[in-house]
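Work through the exercises below with the sequence and the model open. Each task is followed by a solution in steps.

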Number of protein chains: 2
Amino acid sequence: MASWQEYLAQNRERFIEELLEFLRIPSISSLPEHADDVQEAAEWVAERMLQAGIEGVRILPTEGHPVVYGDWLHAPGKPTILIYGHFDTQPVDPLELWTHPPFEPVIQNGRVYARGASDDKGNMLIPILAVEALLQTEGKLPVNVKFFFEGQEEIGSPHLPPFVAANRELLACDMVVSSDGGQWSEDQPALSVAFRGLCALQIDVVGARRDLHSGSYGGAVQNPIHALVRILDSMRSPDGKILVDGFYDDVVFTEEDRRLIAQVPFDEAEFKAELGVTELFGEPGYSTLERIWARPTLEVNGIWGGFQGEGVKTVLPNQAHAKITCRLVANQQPARIRELIAAHIKQHTPPGVKVNVHPFASAADPYRMPVDHPGNQAARAVHLQLYGKEPYYVRSGGTIPVCSLFLQHLGAYTVNFAFGLKDEQAHAPNEFFRLSSFDRGQQAYCLLLHQLATVDSAD
Amino acid sequence: MASWQEYLAQNRERFIEELLEFLRIPSISSLPEHADDVQEAAEWVAERMLQAGIEGVRILPTEGHPVVYGDWLHAPGKPTILIYGHFDTQPVDPLELWTHPPFEPVIQNGRVYARGASDDKGNMLIPILAVEALLQTEGKLPVNVKFFFEGQEEIGSPHLPPFVAANRELLACDMVVSSDGGQWSEDQPALSVAFRGLCALQIDVVGARRDLHSGSYGGAVQNPIHALVRILDSMRSPDGKILVDGFYDDVVFTEEDRRLIAQVPFDEAEFKAELGVTELFGEPGYSTLERIWARPTLEVNGIWGGFQGEGVKTVLPNQAHAKITCRLVANQQPARIRELIAAHIKQHTPPGVKVNVHPFASAADPYRMPVDHPGNQAARAVHLQLYGKEPYYVRSGGTIPVCSLFLQHLGAYTVNFAFGLKDEQAHAPNEFFRLSSFDRGQQAYCLLLHQLATVDSAD
C-alpha cells in the first residue's frame, strides 16, 4: 500500500480539478440571489467529505446559510479535533478589475485565480484531502476528527453563536483547528495566538431645545460640539494613552508577549509609506506591532453635529454625536469596558448639556491562547519539519469571533493552521491561491493529525 | 399754520393708508421672482419722498437691488444727518402659519399685520412722514437731511460695501440715524451702542491616505478625529475661557460698560426656560448679558468626520473637519483673530496628521460707538421727553454690518433710532407693527431733528 505522501502525489491532478470545480460555485453569502449557490457549495462539500471516507456527514440548517458537519471517531483514547473552515465567499465587485471571471478559475504560473481560492475554499479543502489520503493509505486516522464548515463567515457568522450553543455535544472536542487563515510567507511559518475583541457605543450630546443663533446666544450657552470635544479629548492623553479609569486593568501583557512580538520582523518605514503618513502615533512605551496586536484601543469612528455644508452658518447647534469602538485584548470584557467608558463620560460631562450613551450590541471577546498549547506544539513540530524554521507567534489586531465562540461554548482553543499568504488578494479582485500551498497544506495536515495523536485527550 | 404735532394728528389716517399701500408690495429680496417687487417698492419710496418735499430723489442701481437716495440740504452751518432704512422684506414661509395673507395688511387691535410691517417698512416710513410734517408746518428742516434706503438688507446687503465706497461724497454726513431696529419695550426706550463682529474659518485634518480598518491599524496611527478634538478642546478652557493666544488682547471692556449693562434687566430663569437648559455656561467672571453683548466668542458651528450612519463601522477615518465662527467685539479685527487661531492650530496640531486652515471671506468688524456720542445725547433727550425715562444702553450679540460700513467709509457713527418691539414677529409668521409705535416714531423723529440742530457740524 502506498504512503499518504505517495497518495497525495498520485492524486494531485484530480485534487486540483476538484478545487476548480468547488471554485466554480459562486457561493457569495452576502447576496440573497446567491443563497442557492451557498447551498450548492454546502452540498458539494458534503459530497466530497463522503467521498473522502468521512462519516456522519450532514447539512444542518441555521437561521441563515447552512453548516456542513461530518466526523471520523474511531480512535479511542485519542483526542478529538474539530476542523473549521468556510465555503462561502466575498462578493466580487468591482468586477471590471478582474483579469478573468471570478468564478471561472484559471491556473497561471502555479496559481489558481478565482474568488474564494485562498479565502477559504482552497484552504478548507486541504484537510478533507489529507483525511482521504490517510484513510486510503493507513485505513484509519491517528485522532478523532470532526468537520465543521460554515457558509456565513464573510457576513460575520450572524447565526453561528446560537447554533454552536445548541450543538455543544455534537461539536465537543479537545481543540479546534482552523483552516481559515495563513502563514507569514512562503518560507516562514506562523502561529496566530491572539485576536482583539470589540465593543461599540454612541455618544449623543444635547444642549438647548433648538439650534440657536450664534450672535443672539453665543457665549452664554454651552455648545454641544464643544462639550463633546471636551468629553472625547478627556479620554486620551496627548501622547496616546487611554485615560478612562480602569481601561487597562484587565489587560494581560507579559515580557514573554513582548519577546515573541519582537521576533516578528516589522518595517516601520514601509508601513508609513503604505499609509502615506510621516509619523506614527500610539500608546507610549509600546512598539507599533505591540500597539496593533496586544494593546487595546479607543477610537472615534465618526463624529457629527451642526453645519456641514459649504461656507458659513452662524449656528450654535443643539446636538453633537460621536461613535466609538474599542479594540480589546485579553482579558478585557466588552460589557465592562462599555460601562467604564459610560462612567467616564458621566464624570466628564461639562455643564449645560445632557449626554446619552448608547451601547451597541456589536461586541466580541478578545481571544488569546497559550503559546504552548498542545495544538500549537504539534503545529510547531509540523512547521519545523516542513519549513525548517521556528514559526513566528503572531496576532491580529482585528476580531475573529469564531475563536472566542468555540472557547466559550466548547471550552476549546483554536489552533490556526492554514496556508494563505498575504499577497493573495483575499476580498479583492484577482484573488488567487498558490498550488504550492495547496500541496504543502495537504502534507501539513497529514503530519499534524499524526502529531496530535500524542496529545492527551480530555476523555 | 398748524404745528407739526397738529399736522401729524390731522394726517394720521392718510399715513396709515400709505403704510398699508407700502406693505402690499411683496418686496422679498431673497427671491429672484420678487426682484420686480423690490424695484416697485423702491419706486414707491422715491415717489413718497418727493411728495414729502424731499429733493434730489433718485433710484440708484447697485449690482443687486437698487437704493433710493434723497436729501434736503438747506440748513447751512447745521449738521448733516443720513437717515438709513430698508424697503425689502424677509420671505413669508411657512405661509400656512399666517392668520392673514402676509402682503394683504389688516389692522386689528391697534396693530397692522403684514410681512415687513415692523422690519422695516413701518419704521422706515416714519422719518419721511416726520420730514413732511416739519416741511409743511415750519417750511424747513432744523438740520440737513439725506435719506439712504436700501433693498437688500434681508440678504446681508452684499452689494452695499462697493456702493457706499463709491459714493462717499453723495453720502457724506455728520452722523447716520438708522430707522431699522427697535426699543426695549412700549414704555422703556433704549439706545444700541454696540454690535459684535464676525470671522469664520474651517479646519481640515487629514491623516493616512485612505480610511483604515480599525483592527488592522487601530492604535498605531493618529486618528484625525482625535487630533481635531484635541485641537478644538485646546482652544477653550473647561470653564469657558478662550485660550487662543492674544484672543482677548484688543477687547475693550470698561467698568462703565459693566455699569450700563447691569442697568438692563435680565431674567436668567426665563432665559433658561426659553432655551430648555438647566444651566447656563460661558466665560468666567461675566454676566450672561455681558457674555452675549460685550465679550467675544469662539464657537464650533459644525463638525464631521468618519462614519455617521446607523450602527457600527470599525473605521479609522482619514479626515475630520470643523467650522468655527468667532463673534468679535471692539477693537478686535477679524483678520487678526483668524491669524491668531491659525497660529494656535499650528501650535496644537498633534503628531501624525496634516491640518489645513481655510479662512472664509465672511467677516464683519465689531461696532461700538461712544455712549455719549452727540447723536445719542439728542436721542436720549427725545426719549426722556416721550417716555419720561432714561434709555437703557443696549447692545446686540449679532452683527449689523451697515454700522461698521458707514463708520469705515463715511467716518460717521450710526444712532439707532427705531420703534420696533421684540414681540412683533420680525422674520416670522404674523409680523405686525403697533400703530402706537408708528405715531410715537413720527413725533420722535420731529423732536430728534430739532435736537440735532444743536449738535456741532463737521463743516
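**Exercise 1: Symmetry**

Task: Find the turn and the shift that lay chain A on chain B, and name the relation.

Solution. Chain A is laid on chain B with an RMSD of 0.1 Å by a turn of 180° and a shift of 0.1 Å along the axis. That is the relation of a two-fold axis, the copies being superposed by least squares on the C-alpha atoms of residues with pLDDT of at least 70 in both. Next, look along the rotation axis: the residue of chain A that comes closest to it is Trp304(A), whose C-alpha lies at 2.2 Å.

The model is a predicted one: local features need pLDDT of at least 70 and side-chain atom pairs pLDDT 80 or more, whereas totals for chains, interfaces and linings use all residues. Residues are numbered from 1 along each chain as its sequence is written, chains are lettered from A and ligands numbered from 1 in the order in which they are written, and side-chain values use heavy atoms, with hydrogens and water left out.

**Exercise 2: The interface**

Task: Describe the contact of chain A with chain B by residues, area and polar pairs.

Solution. Start with the residues: 71 of chain A are in contact (heavy atoms within 4.5 Å) with 71 of chain B. Of the interface residues of chain A, 100% are also interface residues in chain B, so the copies meet through the same surface.

Then take the buried area, which is the accessible area (1.4 Å probe) that two parts lose on being put together, summed over both. Here it is about 6,100 Å², with 54% on carbon and sulfur atoms.

Last, the charged pairs: the two chains share four salt bridges (a side-chain nitrogen of Lys or Arg within 4 Å of a carboxyl oxygen of Asp or Glu). In a salt bridge between side chains, Asp233(A) meets Arg230(B) at 2.7 Å, N to O. The largest share of the side of chain A that touches chain B, ten residues, comes from strand S11 (residues 297-306) of chain A; strands are DSSP runs (E, at least two residues), numbered from the N terminus.

**Exercise 3: Strand pairing**

Task: How many bridges join S11(A) to S11(B), and which residue is the partner of Gly302(A)?

Solution. Five bridges join the two strands, which run antiparallel; strands pair if DSSP finds at least two bridges between them. In S11(B), Gly306(B) is the bridge partner of Gly302(A).

Terms used
Polar contact = N/O pair within 3.5 Å; in protein donor to acceptor, adjacent residues only side chain to side chain. Helix = DSSP H or I, 4+ residues; strand = E, 2+ residues; numbered from the N terminus.
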